[in-house]
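Here is a set of short questions about how labels are earned. Look at the model, then follow each value to its definition.

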Amino acid sequence: MKRLQSLILLLAAVGISGCDPQSRGFSLPPGDTQRGEQVFLNMQCLGCHTMEGYERPENTEDLSIALGGKVKSIKTYGELVTSVIHPSHKLAKGYDMSKIQNEEGQSVMPVYNDVMTVSELVDLVTFLESRYELEVYEPTDYSTRH
Ligand code: HEC
């Protein structure tokens with residue numbers, strides 16, 4: 001019975017997402033995390049970004065936008081693809097706006113669309129996705145408070 005319930009929930013979720021005209025028919029092939037890591041290093045994303053477990057190069061920009069790690073709401077694959085191929089679509093929250101955008105309100109992150117192959121993009125995003133971890137919400141225990 002439990003199984004059936006989760007199957008119904010799953011089908012409902014697929015049904016709902018399938019109704020989103022923005023993403024209908026959009027599906028990228030599976031990527032390779034290791035190759036994605038190479039793309040991440042070769043494209044020098046660490047020049048402006050930090051990621052746990054990775055040393056930053058010497059001459060970094062005056063920017064340290066964190067990628068990966070524990071987050072309260074996980075970034076979806078679609079959001080990560082968008083962040084890479086269309087950085088100005090939605091600027092990352094919680095940073096000094098004067099540093100992350102130019103005078104025209106565009107992200108200072110370079111657009112790699114003319115230098116990155118689609119395969120590199122797919123691998124890169126698969127790698128990025130693997131670096132995010134959902135922080136488990138721990139509710140405050142009010143029962144001991146008076
Ligand atoms: C010159 C600096 C710079 C470089 C190089 C750079 N970025 Fe960014 N990136 C930014 C800035 C600034 C932001 C925040 C503004 C925005 O959301 O576009 C950002 C945002 C992001 C975000 C969204 C983060 C969030 O929490 O919403 C992702 C994902 C990302 N970058 C990935 C990459 C990857 C992958 C590379 C390498 C291919 C890269 N960036 C290279 C400056 C850079």
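Q: How much area does the chain expose, and what share do carbon and sulfur atoms supply?
A: The chain exposes about 11300 Å², and carbon and sulfur atoms supply 54% of it. Accessible areas come from the Shrake-Rupley method with a 1.4 Å probe; for residues, only the protein chains shown count as cover. This is a predicted model: local features need pLDDT of at least 70, side-chain atom pairs count only at pLDDT 80 or more, and totals for chains, interfaces and linings use all residues. Residues are numbered from 1 along each chain as its sequence is written, and side-chain values use heavy atoms, with hydrogens and water left out.

Q: Why is His-49 called buried?
A: Buried means under 20% relative accessible area, exposed means over 50%, and partly exposed lies in between (1.4 Å probe, protein chains only). His-49 has 13% relative accessibility, so His-49 counts as buried. In the chain, buried residues make up 23% of the 146 residues.

Q: Why is Met-109 called partly exposed?
A: The relative accessible area of Met-109 is 25%, so Met-109 is partly exposed.

Q: What makes His-49 and Met-109 protein donors of the iron atom of the ligand?
A: Donors are N, O and S atoms within 2.8 Å of the metal (3.2 Å for Na, K and Ca); water is not among the atoms, so sites may look incomplete. NE2 of His-49 and SD of Met-109 lie 2.0 to 2.2 Å from the iron atom. The pair links distant parts of the chain, 60 residues apart: His-49 is in strand S1, Met-109 in the loop between helix H4 and helix H5.

Q: Why is the arrangement around the iron atom called octahedral?
A: Six donors count as octahedral if opposite donors are over 155 degrees apart and all others between 65 and 115. Here the six donor atoms subtend angles of 86 to 178°, so the arrangement is octahedral. Ideal angles for six octahedral donors are 90 or 180 degrees.

Q: What makes the pair formed by Ser-107 and the ligand a polar contact?
A: A polar contact is a pair of N or O atoms within 3.5 Å; within protein, one must be able to donate a hydrogen and the other to accept it, and residues adjacent in sequence count only if both atoms are side-chain atoms. An N or O atom in the side chain of Ser-107 is 2.7 Å from an oxygen atom of the ligand. A backbone N or O atom of Ala-92 also lies 2.7 Å from a ligand oxygen atom.

Q: Why is Thr-82 called partly exposed?
A: Thr-82 has 26% relative accessibility, so Thr-82 counts as partly exposed.

Note on methods:
Tetrahedral: all angles 85-135°; square planar, octahedral: opposite > 155°, others 65-115°. Helix = DSSP H or I, 4+ residues; strand = E, 2+ residues; numbered from the N terminus.
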